Amino acid sequence: MIAADLLEKYGASKKFYEKTATVFEEGKLPTHYYQIVSGEIKMNNYNDDGREFIQGIFYKEQSFGEPPLFLNQKYPASAVAVEESQILCLPRSNFMKLLEENPAISIKIIENLAQRLYYKSVMAAEMSTQEPEHRVLKLIDHGIAYFNFKKDANGYLINFTRQQIGDLTGLRVETVIRTIKTLEKKGVLKIINRKVYR
């Protein structure tokens with residue numbers, strides 16, 4: 001999103017996170033802007049029954065956790081490394097200075113936040129009114145459009161686990177598995193070597 005050399009010019013440092021390591025915790029005040037160099041990060045929280053809900057999954061060159069950073073409000077979710085990840089961390093004051101001095105970057109950040117807000121609005125409507133097949137396809141199509149899923153001879157490889165699809169759509173993993181099989185029978189999805197393609 002923001003060029004790594006520009007972030008480093010403003011004082012960003014690279015940090016390495018092991019798989020399952022916490023980048024920041026729900027309920028804490030934000031201190032940094034975070035952008036992924038490599039790896040994968042999820043923002044999540046848990047309900048009273050201990051069931052995980054994934055707010056979002058972020059990949060290489062994507063940033064995460066900005067809304068609380070701008071508002072100086074506590075994080076509504078935790079950020080956790082899904083796999084080994086390297087992240088550029090820029091202190092909040094330096095990030096604000098970077099935006100003030102680089103208006104084109106500010107516009108990019110606004111567009112990125114608007115896209116996420118749009119996605120959340122669409123998915124909130126889906127989760128409250130739509131059947132599982134519709135929810136799963138909406139998430140997959142969003143992933144193809146915005147997460148740069150790779151395309152090969154089989155189609156787009158859906159880079160979500162069944163559990164992640166469930167956590168992102170509010171469905172139980174068993175429902176996700178049944179839904180994917182139904183969509184495969186209908187010819188909408190393909191399952192090749194246990195991987196899902198669209």
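User: In this predicted model, which residue of E5 is the bridge partner of Asn44?
Analyst: The model is predicted. E4 and E5 run antiparallel, and six bridges join them. Within E5, Asn44 is bridged to Ile54.

User: Which residue in E7 is the bridge partner of Asn44?
Analyst: Strand E4 covers residues 41–46, and strand E7 covers residues 78–81. These strands run antiparallel and are joined by four bridges. The partner of Asn44 in E7 is Ser78.

User: In what order do the four strands of the open sheet stand?
Analyst: The pairing in this sheet is antiparallel. Strand E2 (22–24) and strand E5 (52–58) each have a single partner strand, so they stand at the edges with one side left without a neighbour in the sheet. Neighbouring strands are turned by 35° against each other on average, direction ignored. The order is E2-E7-E4-E5.

User: How many of the seven residues of E5 are buried?
Analyst: E5 stands at an edge of the sheet. Even there, E5 is largely enclosed by the rest of the structure, because most of the strand is buried. The number of buried residues is five.

User: Which residue takes a positive phi in the hairpin of E4 and E5?
Analyst: Five residues lie between the two strands of this hairpin. One of them has a phi near 85°. That residue is Gly50.

User: What is the phi of Glu61 near?
Analyst: Glu61 sits in the loop between E5 and strand E6 (63–64). Its phi is positive, in a residue other than glycine. The value is near 70°.

User: Does Asn193 count as buried or exposed?
Analyst: Asn193 is in the loop between strand E11 (190–192) and strand E12 (195–197). Its phi is positive, about 50°, although Asn193 is not a glycine. The cut-off for exposed is over 50% relative accessible area. Asn193 has 71% relative accessibility, so it counts as exposed.

User: What kind of aromatic pair do Phe24 and Tyr34 form?
Analyst: The structure holds eight aromatic pairs. In this one, the rings are 5.6 Å apart centre to centre, with 40° between the planes. The pair links distant parts of the chain, from Phe24 in strand E2 to Tyr34 in strand E3 (residues 32–38), ten residues apart. The pair is tilted.

User: Is Phe24 buried or exposed?
Analyst: Buried means under 20% relative accessible area. Phe24 has 6% relative accessibility, so it falls under that cut-off. Its partner Tyr34 is buried too, with a relative accessible area of 6%. Phe24 counts as buried.

User: Which residues form one aromatic cluster with Phe24 and Tyr34?
Analyst: Phe24 and Tyr34 form an aromatic pair. The cluster also holds three further residues. They are Phe58, Phe64 and Tyr75.

User: How far apart are the end C-alpha atoms of helix H5?
Analyst: Helix H5 has 15 residues, 132–146. At 1.5 Å a residue, the helix should span 21 Å. The distance in the model agrees: 21 Å.

User: At roughly what angle do the axes of H5 and helix H6 cross?
Analyst: H6 covers residues 162–169, and the two axes come within 10 Å. H5 is roughly perpendicular to H6. The axes cross at roughly 105°.

User: Which residues in H6 meet Arg135, Val136 and Leu139 in H5?
Analyst: The buried residues of H5 include Arg135, Val136 and Leu139. These three meet residues of H6. The H6 residues are Ile165, Leu168 and Thr169.

Methods
Residues are numbered from 1 along each chain as its sequence is written. This is a predicted model: local features need pLDDT of at least 70, side-chain atom pairs count only at pLDDT 80 or more; totals for chains, interfaces and linings use all residues. Side-chain values use heavy atoms; hydrogens and water are left out. Two strands pair if DSSP finds at least two bridges between them. Axes are lines fitted to C-alpha atoms, for helices over the stretch in contact, and angles run from 0 to 180 degrees between N-to-C directions. The expected span of a helix is 1.5 Å times one less than its number of residues. Buried means under 20% relative accessible area, exposed over 50%, partly exposed in between (1.4 Å probe, protein chains only). Rings of Phe, Tyr and Trp (its six-membered ring) pair if their centres lie within 6.5 Å; planes under 30 degrees apart count as stacked, over 60 as edge-to-face and the rest as tilted. Angles under 35 degrees count as roughly parallel, over 145 as roughly antiparallel, 65 to 115 as roughly perpendicular and the rest as oblique. Contact means heavy atoms within 4.5 Å.
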